[in-house]
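Dear colleague,

I am handing over the structure that follows, together with some notes on what was found in it. Please read the notes with the coordinates open beside them.

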Amino acid sequence: MLGVLRRKAACGASSSASVLGKSLHKIRPATPGVCSSLPEEIIHHPRGFVHARTFCHLPLVDCSTSLRPTRGVVANLPRDINMQIWSRSFCSNSEGDLVDAVVPHMGESITDGTLATFLKKPGERVEVDEPIAQVETDKVTVDIISPEAGVIQEFVAKEGDTVEPGTKIAVISKSGEGVVTHVAPSDEKSSEKAAPLPSPPAEEKKEKPKPKLETAPVIEKPKETSSPSKPSATEPQLPPKDRERRVPMTRLRKRVATRLKDSQNTFALLTTFNEVDMTNLMKLRSEYKDAFVEKHGVKLGLMSGFVKAAVSALQNQPIVNAVIDGEDIIYRDYIDISIAVGTPKGLVVPVLREAGRMNFAEVEKEINTLAKKATEGTISIDEMAGGTFTISNGGVYGSLLSTPIINPPQSAILGMHSIVNRPMVVGGNIVPRPMMYIALTYDHRLIDGREAVFFLRRIKDVVEDPRRLLLDV
């Protein structure tokens, strides 16, 4: 036993100290003041050995400590988990060179995602915080960054796998050496080789059947084959036809479909319409667009006018800004307006925080920033969380009229549409006017038709005469 401790001390004094601290102890307290008291027996069971020695520690009063080895045989002792951790520290001294890239925390309500694509390849060099892969969730796309600078040794997961926060994605070598030969399972192999060297043949026979059970991952294979069969068992599969291709639905599209269907199943949806004469707002924009860009560095659009009009309407009709929660009604004393943005991956709804405190320039800047992030896929969960009211502008795509669906947990949504010159009667004369249809879809369980109509009338009055915002009339 002393010989074994000397060899371990040569590999690392600190490691051998930790081994002794984690070993099994069998302590018999000694009677103070008596030299011939009961001995303190320390039984140390190293991994992979059947035979061991028992050291008797005899504490003597006013005498130096002495160790008296006595021979003993300890058989069939259970292996401690701490012994496995101790054995790994001796099998590979280069483990500190490897770091793991894992899936980060993706948000409060997001538990998993789909590994969409790898941005790097094995053998390529990466820097600290450089994205190496992307995970697609039902709300946003999250980047997996490299925790250290080095060379990608291998990718553990595959594209299309469902991953959770903390899942290991890649192994990165900080020194860039041994990219192919240094593999993570080398710890188990080296520990197995180190254990049977001093052990007798009887102990080898006991250890041989155990690796056979550990190295046969029978449980993992059925999971891979059963995962694609789940949707086929629950969802109807159409027979294949010529000139058709089947593409799996993205997680974002699945989330949008689920939320919209839940909205129809939960809310009593009702839509009311009105039309707005856009002459004065468009004239205001054309007159001051150059001065607005020169001072604020952003173009003056129509969305800022509708956001300010919606804020005024929500202040006049606070029930539209409320929501049903169980048997209660929650009234919000703040206004966070969500702006629906269509992206190549699906619909996202970033939020303008405290829209009631913003001026026209701040609204335009925030909308441009959030829309750019949404299009690039870099928008975060916090920038889309919350929202008390939603504005959807289908007019940018040419929509003339539509009935938008409420974005839970809100109670109403305003739909904007395209501007079309139509003949209108103004002062007894028929003149062409740029007109826009607007629609308000609301939860009829909470909002009556009277409040909904008054809300749209306030939108119409403010947009047709923006001076009402200055006079608050």
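In which loop does P409 lie? P409 is placed in the loop between β19 (389–393) and β20 (412–416), and the peptide bond that leads from P408 to P409 is cis, with omega near 5°. Helices and strands are named here as DSSP runs numbered from the N terminus, a helix (H or I) having at least four residues and a strand (E) at least two.

Before going further, please note that this is a predicted model, in which local features need pLDDT of at least 70 and side-chain atom pairs count only at pLDDT 80 or more, whereas totals for chains, interfaces and linings use all residues. Residues are numbered from 1 along each chain as its sequence is written, and side-chain values use heavy atoms, with hydrogens and water left out.

Overall content

The protein has 14 helices and 22 strands. Of its 473 residues, 37% count as buried, where buried means under 20% relative accessible area, exposed means over 50%, and partly exposed lies in between, with a 1.4 Å probe and protein chains only. Taking a contact as heavy atoms within 4.5 Å, residues 24 or more positions apart account for 62% of the contacts in the protein with a separation of 6 or more.

Two open sheets and a hairpin

Strands are said to pair if DSSP finds at least two bridges between them. One open sheet is formed by 4 strands in the order β8-β7-β5-β10, with antiparallel pairing. At its edges stand β8 (141–145) and β10 (162–163), each of which has a single partner strand, so that one side of each is left without a neighbour in the sheet. Strand β5 (residues 113–118) and β10 run antiparallel and are joined by 2 bridges, and the bridge partner of G113 in β10 is V163.

Another open sheet, likewise of 4 strands with antiparallel pairing, has the order β4-β11-β9-β6. Here the edges are taken by β4 (98–102) and β6 (125–126), and because each has a single partner strand, one side of each is left without a neighbour in the sheet. Within this sheet, 4 bridges join strand β9 (residues 150–155) to strand β11 (residues 168–173), the two running antiparallel, and I152 has I172 of β11 as its bridge partner.

Further along the chain, strand β21 (residues 419–426) and strand β22 (residues 429–443) run antiparallel and are joined by 8 bridges, with N421 standing opposite P434 in β22. These strands form a hairpin with 2 residues between them, in which G427 takes a positive phi near 60°.

Packing of α11 and α13

Helix α11 (residues 303–316) and helix α13 (residues 449–464) pack at an angle of about 140°, with their axes 9 Å apart; axes are lines fitted to C-alpha atoms, for helices over the stretch in contact, and angles run from 0 to 180 degrees between N-to-C directions. The two helices are therefore oblique to each other, since angles under 35 degrees count as roughly parallel, over 145 as roughly antiparallel, 65 to 115 as roughly perpendicular and the rest as oblique. The contact is made by F306, A309, A310, S312, A313, L314 and N316 of α11, and by F455, R458, I459, V462 and V463 of α13.

Individual residues

T272 is located in strand β12 (residues 269–277) and is buried, with a relative accessible area of 15%. When its neighbours within four places in sequence are left aside, T272 is in contact with I438, A439, L440, Y442, A452, V453 and L456.

G301 is located in the loop between α10 (279–296) and α11, and, with its neighbours within four places in sequence left aside, G301 is in contact with R285 and E364. The C-alpha atoms of G301 and V363, which are 62 residues apart along the chain, are separated by 9.8 Å.

Two further backbone points deserve a look in the viewer. Most residues other than glycine have a negative phi, and most peptide bonds are trans. D129, which is not a glycine, nevertheless has a positive phi of about 65°, and D129 is found in the loop between β6 and β7 (131–136). D472, also a residue other than glycine, has a positive phi near 55°; D472 lies in the segment after α14 (467–471) and counts as exposed, at 65% relative accessibility.

With best regards
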